[in-house]
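Me: I'd like to learn how to read aromatic rings, sheets and cores in a protein. Could you walk me through one?

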Amino acid sequence: MTKKVYTDYFFDEPAYNTHDGGYIPLVTPKTDPQPLAVPPLLKPDKQTATDDYYTVTAQASETQFLPGKKTKTWGYNAGFLGQTLVFRNGKKTHIDLKNDLPELTTFHWHGLDVPGPITDGGCHAPVYPGETNHIDFKVMQPAATTWLHAHPCPSTATQVWKGLAALVIIKDDVEDQLPLPRNYGVDDIPLVLQDREFHEDNQFDYKADYDPDGVQGHTALINGTVNPYFDVTTQRVRFRILNGSNRREWRLHFNDDLAFAQVGSDGGILPEPVYMTKVMLTCAERDEIVVDFGQYHAGDEVTLMTDDTPLVTFRIKDYAPDNTQLPDHLVDIKDEAPTPGLPVRKITMDGMDEEVAMNGKKFDMQRIDARQKVGDVAIWEIRNTNSTKNGMVHPFHVHGTQFQVLARNDGPVYPNEHGLKDTVGVNPGETVRIKVKFDLTGVYMYHCHIIEHEDGGMMAQIESYDPDHPQTYHLMDMDTLRNAFAKEKGVKPEDVWMPGC
């Protein structure tokens, strides 16, 4: 039977970021090719059959991206980005969050179903310089590729730009049984896609690059590597791809249009593989793909591209033949009926530049914009009010849950959107319907994941509540946050540069 292979990016072409007035095209690096950096796995402090213990340290360092001077960077247990954490469904996880940076930060577990707001690690959970906070949670979700990043509103974009992002892989018994590559670093490879601008002496200068519609740079960084290559030593390779950019969309394809199978999205494995030659990721989305390099021979090269720019060159080495086939069905995803009687929650993502808002309002850290009962299954309709002529795709993200995408403008979803998601790109003028359920109580943010847009106010908060156990939350306020940054930087509060404000 011939499998259908999709050959388009699905999203609306007029809304691609290439049409932005402030678009910065990627430039192919002139530096020598470098081996693709694969972030090492973070070793647990302690591990038992039921519990894992980790220390995650946010630290300042220097990284050699380009010839010449090293770049000042931040990372998690690393100079830039971070070591990869591995969690297992069903295990209790205990983490010391250590801040060795010169300013406060937060540790947001993007895609994890954990209590909010403190464990979730948004703006209400600051860890101050020199301090260590502790969190405990039980992993209660299927195998997936999630991630960790800083989220101290409105300085999320600045801190992510400096390097505060790391992959978090969840494993479970179901995924263990699937015929997927899983030898990390050999045939199970993360690809964190980012872009940066290098200024004098190879330094980042976020303030100089600032754009309220999202900061971009001319140089692609793949796992923090400029102009990388990867030696392929197995016929089949699984890539866990994260769009870790502040703004940039990535439209991926191989230079010879090699087809591949997408097997996972944000929240885990898809119900069935989707075969394609092209895939587009908006900010914060994750796609897992399996590539079969069986048509190549030792000495061949094939290149992963975004639009017309090469990203990674795959150098084919000798490998053992592997005729493993993906099954037509991968996993079952529970399809829960919406809770009767609930109104549809209508959310709008509005504006551009400094005028961005959600439902016509700027984000307020102390305002709860919506409430939803724990366990209720609600329909949300997300509308991008930008015009189709000059608007942009807004990636909509919800903390503390994985949702299902039900419809786009009352029509079908994209073929690779049938799995669990925590981020969905919404085209200008489009309404996307999703099904949302919270399993835990807490205050959670939902926002556009163009990071400058969330910092600029395209963000709101929902309380997931249990009517039998009402809770009161101490929510961070802007004055406290600004005063803390002012003290750390040695300036007056009114002189703190917070571009999102």
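Reply: Sure, we'll take the rings, then a sheet, then the cores, and keep in mind that this is a predicted model.

Me: How do I describe a pair of aromatic rings, and how many pairs turn up here?
Reply: A pair of rings is described by the distance between the centres and the angle between the planes. Searching the whole structure gives 30 aromatic pairs. Take Phe87 and Trp109: the centres are 6.0 Å apart and the planes are at 50°, so we call this pair tilted. Phe87 belongs to strand β7 and Trp109 to strand β9, 22 residues apart, and the pair links distant parts of the chain.

Me: Are Phe87 and Trp109 buried or exposed?
Reply: Both Phe87 and Trp109 are buried.

Me: What kind of pair do Tyr210 and Trp497 make?
Reply: Look at the angle. The planes of Tyr210 and Trp497 are at 85°, with the centres 5.7 Å apart, so that pair is edge-to-face. This one also links distant parts of the chain: Tyr210 is in the loop between α3 and β14, Trp497 is in the segment after α5, and they're 287 residues apart.

Me: And how exposed are Tyr210 and Trp497?
Reply: Tyr210 has a relative accessible area of 24%, and since buried means under 20%, Tyr210 counts as partly exposed. Trp497 is partly exposed too, at 34%.

Me: Which charged ends sit over rings?
Reply: Here are two cases. Lys4 has its charged end over the ring of Tyr6, 4.9 Å from the centre. Arg251 does this with Tyr16, and there the distance to the ring centre is 4.1 Å.

Me: Now the sheet. In what order do I read its strands?
Reply: Go from neighbour to neighbour across the sheet, not along the chain. An open sheet of 7 strands runs in the order β1-β19-β18-β21-β16-β13-β14, with mixed pairing. At the edges stand β1 and β14, each with a single partner strand, so one side of each has no neighbour in the sheet.

Me: Can you show me what mixed looks like?
Reply: Let's follow β16. Strand β13 runs parallel to β16, joined by 6 bridges, and Pro190 stands opposite Arg240 in β16. With strand β21, β16 pairs in the antiparallel sense over 7 bridges; there, Leu242 has Arg286 of β21 as its bridge partner. Over at the edge, β1 and β19 pair in the parallel sense over 2 bridges, and Val5 is matched with Tyr275 in β19.

Me: How covered is β16?
Reply: Check each residue: 8 of the 8 in β16 are buried. Both faces are covered, with Arg236, Arg238, Arg240 and Leu242 on one side and Val237, Phe239, Ile241 and Asn243 on the other.

Me: Which residues have the most contacts inside the largest nonpolar core?
Reply: That core has 41 residues, and the ones with the most contacts inside it are Leu191, Phe239, Leu252, Phe293 and Phe314. Strand β23 gives the most to this core, namely 4 residues. Another core lies apart from it, with 29 residues, including Met349, Ile382, Val398 and Phe403.

Me: What does Phe239 touch?
Reply: Setting aside neighbours within four places in sequence, the contacts of Phe239 include Ile189, Leu191, Val291, Phe293 and Phe314. Ring pairs also link Phe239 into a cluster with Phe230, Phe254, Phe260, Phe293, Tyr296 and Phe314.

Notes. Residues numbered from 1 in each chain as written. Predicted model: local features only at pLDDT ≥ 70, side-chain atom pairs only at ≥ 80, totals over all residues. Heavy atoms only, no water. Phe/Tyr/Trp six-rings, centres within 6.5 Å; stacked < 30°, edge-to-face > 60°. Buried < 20%, exposed > 50% of the residue type's maximum accessible area, 1.4 Å probe, protein only. Lys NZ or Arg CZ within 6 Å of the ring centre and 35° of its normal. Core = buried A, V, L, I, M, F, W, Y, C linked by side-chain atoms within 4.5 Å. Contact = heavy atoms within 4.5 Å. Pairing = 2+ DSSP bridges.
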